[in-house]
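This briefing covers open and enclosed space, nonpolar packing and cysteine pairing in a single model. Please consult the sequence and coordinates shown below while reading.

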Amino acid sequence: MFSKIVVVGSCMIDFTCFSPCLPKPGETVIGKSFEIKYGGKGANQCVAAAKLGATAAIVASLGSDTYAQEYLKIFKKEHIDVSHVRIQENQHSGIAQITVADDGENSIVVVLGSNASLSLEHVNHAADVIRNAAILLCQFETPLETTLHALKLHKGYGLSIVNGAPSTRNVDSALLELCDIFCVNETEAEVMTGVQPLGSSNMQLAVEMLLDKGCNTVILTLGEQGAAYASQKDRTIKLISTTPVKPVDTTGAGDAFLGALAYFKAYHPGLSMDECIRRACVVATESVLKFGTHASFPTRNNLSPDLFV
């Protein structure tokens with residue numbers, strides 16, 4: 001049995017410091033606590049989708065360390081297919097150094113580690129799984145040539161979503177043209193388009209620039225404001241609002257949104273784009289009320305049944 005959602009992407013070990021504020025350049029801040037968690041945009045989005053009830057698989061690369069073995073246990077606990085996760089000898093798993101401030105804001109430094117070894121050959125080995133997926137979900141935390149290859153394998157078989165994170169200035173136009181949905185947050189959009197600071201007055205311009213680069217549909221996530229989107233068919237952006245809350249940790253919000261979007265596109269294909277984004281915003285909003293990434297992602301039982309009809 002093939003998984004409905006397949007993620008070709010990253011696994012990271014999150015070393016998280018909780019601090020009163022984010023340090024300024026050259027500043028040392030005394031933090032309050034420290035945690036080791038399991039993240040990475042690819043793995044996070046896969047777990048977020050699985051927690052909603054999706055059958056999910058991940059194509060990923062881990063290091064030859066204890067963190068990798070622990071990650072495999074986490075995937076299996078969430079019933080995620082790990083048959084295409086490779087352990088890279090003599091490499092460490094990818095890590096993310098995260099600081100979370102009292103107001104919920106965060107800063108992140110990523111070292112790719114074994115994620116940089118996710119190869120074309122690795123993706124070829126998973127070709128059947130990728131082609132049989134209703135949704136292929138990718139990010140920019142693994143080699144872009146590998147992401148491009150996965151999109152080529154999947155083209156014509158289902159819907160593809162690419163999360164343009166972390167921020168990348170120059171992206172092969174073929175990658176943007178191949179994916180059906182390209183999703184970025186405000187900072188990532190600023191880097192890709194040069195439109196900054198991004199606000200309500202120039203949001204349309206930034207999205208049109210991404211469409212001009214070859215994107216088919218662009219979704220711009222806006223934090224507590226919700227999300228906006230436009231497409232080649234209708235270039236006028238539509239804003240989808242969400243319920244404002246007081247966040248405790250926004251670290252996993254974007255990944256919760258992407259995992260939920262993939263879920264609703266896979267399991268409720270008749271829903272409009274407006275409604276898929278609205279529901280994904282509900283899931284993302286729920287995630288900022290808890291600390292961490294995986295621990296913050298809601299399960300189906302934590303959400304209103306109305307989201308699943």
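Ile219 lies in strand E11, which spans residues 217–221. In this predicted model, Ile219 is buried, with a relative accessible area of 0%. Ile219 is also among the residues that touch the most other members of the largest nonpolar core, a set of 55 residues.

**Surroundings of Ile219**

- Leaving aside neighbours within four places in sequence, Ile219 is in contact with Ile181, Phe182, Cys183 and Val184, and with Ala227, Ala228 and Tyr229.
- Further contacts of Ile219, under that same exclusion, are Phe257, Leu261, Met273 and Ile277.
- Leu239 is 20 residues away from Ile219 in sequence, and the two C-alpha atoms are 9.9 Å apart in space.

**Nonpolar cores**

- In the largest nonpolar core, the residues that touch the most other members are Ile5, Ile58, Tyr71, Phe75, Ile219, Phe257 and Ile277.
- Helix H9 gives the most to this core, with nine residues.
- Ile277 touches Ile219, Ala227, Tyr229, Ile240, Phe257 and Leu261, not counting residues up to four places away in sequence.
- A second, separate core holds 42 residues, including Val129, Ala133, Leu153 and Ala230.
- In soluble globular proteins, nonpolar side chains tend to be buried together.

**Surroundings of Leu62**

- Leu62 lies in strand E4, residues 56–63, and is buried, with a relative accessible area of 0%.
- Not counting residues up to four places away in sequence, Leu62 touches Cys11, Ala68, Tyr71, Leu72 and Val85, together with Arg86, Ile87, Gln88, Ser93 and Ser114.
- Gly94 is 32 residues from Leu62 along the chain, with 7.4 Å between the C-alpha atoms.

**Largest pocket**

- The volume of the largest pocket is about 1300 Å³.
- Its lining consists of 47 residues, of which Asn106, Asn185, Thr250, Ala253 and Gly254 lie nearest the centre of the pocket.
- Strands that each supply at least two lining residues are E2 (12–19), E6 (94–101), E7 (106–111) and E10 (181–185).
- Helices that each supply at least two lining residues are H1 (41–51), H7 (186–193), H9 (253–267) and H10 (273–287).
- H9 gives the most to the lining of the largest pocket, with five residues.
- By class, the lining of the largest pocket comprises 19 nonpolar, 19 polar and nine charged residues.

**Second largest pocket**

- The second largest pocket contains about 190 Å³ of space.
- Its lining is formed by Lys37, Tyr38, Val47, Lys51, Ile74, Lys77 and Glu78, along with Gly292, Thr293, His294 and Ala295.
- Strand E3 (33–39), H1 and helix H2 (66–77) each supply at least two of these lining residues.
- Four nonpolar, three polar and four charged residues make up the lining of the second largest pocket.

**Enclosed space**

- The structure holds one cavity of 30 Å³ or more, and about 70 Å³ of space lies in the largest cavity.
- The largest cavity is lined by Asp14, Thr16, Phe18, Glu35, Lys37 and Ile98, as well as Val100, Asp249, Thr251, Gly292 and Thr293.
- E2, E3 and E6 are the elements that give two or more residues to this lining.
- The largest share, three residues, comes from E2.
- The lining of the largest cavity has three nonpolar, four polar and four charged residues.
- Lys37, Gly292 and Thr293 appear in the lining of the largest cavity and also in that of the second largest pocket.

**Cysteines**

- How many disulfides does the structure hold? The number is zero.
- Cys21 is in no disulfide, and the nearest cysteine sulfur, that of Cys17, is 13 Å away.
- Cys21 is partly exposed, with a relative accessible area of 34%.
- Why does Cys276 form no bond to Cys281? The sulfur of Cys281 is the closest cysteine sulfur to that of Cys276, but the separation is 11 Å, which is too far for a bond.
- Cys276 is buried, with a relative accessible area of 0%.

Note on methods: Residues numbered from 1 in each chain as written. Predicted model: local features only at pLDDT ≥ 70, side-chain atom pairs only at ≥ 80, totals over all residues. Heavy atoms only, no water. 1 Å grid on protein atoms, 1.4 Å probe; cavity = no way out; pocket = protein on both sides within 12 Å on 5 of 7 lines; lining within 4 Å. Points joined across faces, edges and corners; volume = space filled by probe spheres on them. Helix = DSSP H or I, 4+ residues; strand = E, 2+ residues; numbered from the N terminus. Nonpolar A, V, L, I, M, F, W, Y, C, P; charged D, E, K, R; others polar. Core = buried A, V, L, I, M, F, W, Y, C linked by side-chain atoms within 4.5 Å. Buried < 20%, exposed > 50% of the residue type's maximum accessible area, 1.4 Å probe, protein only. Contact = heavy atoms within 4.5 Å. Disulfide = S-S within 2.5 Å.
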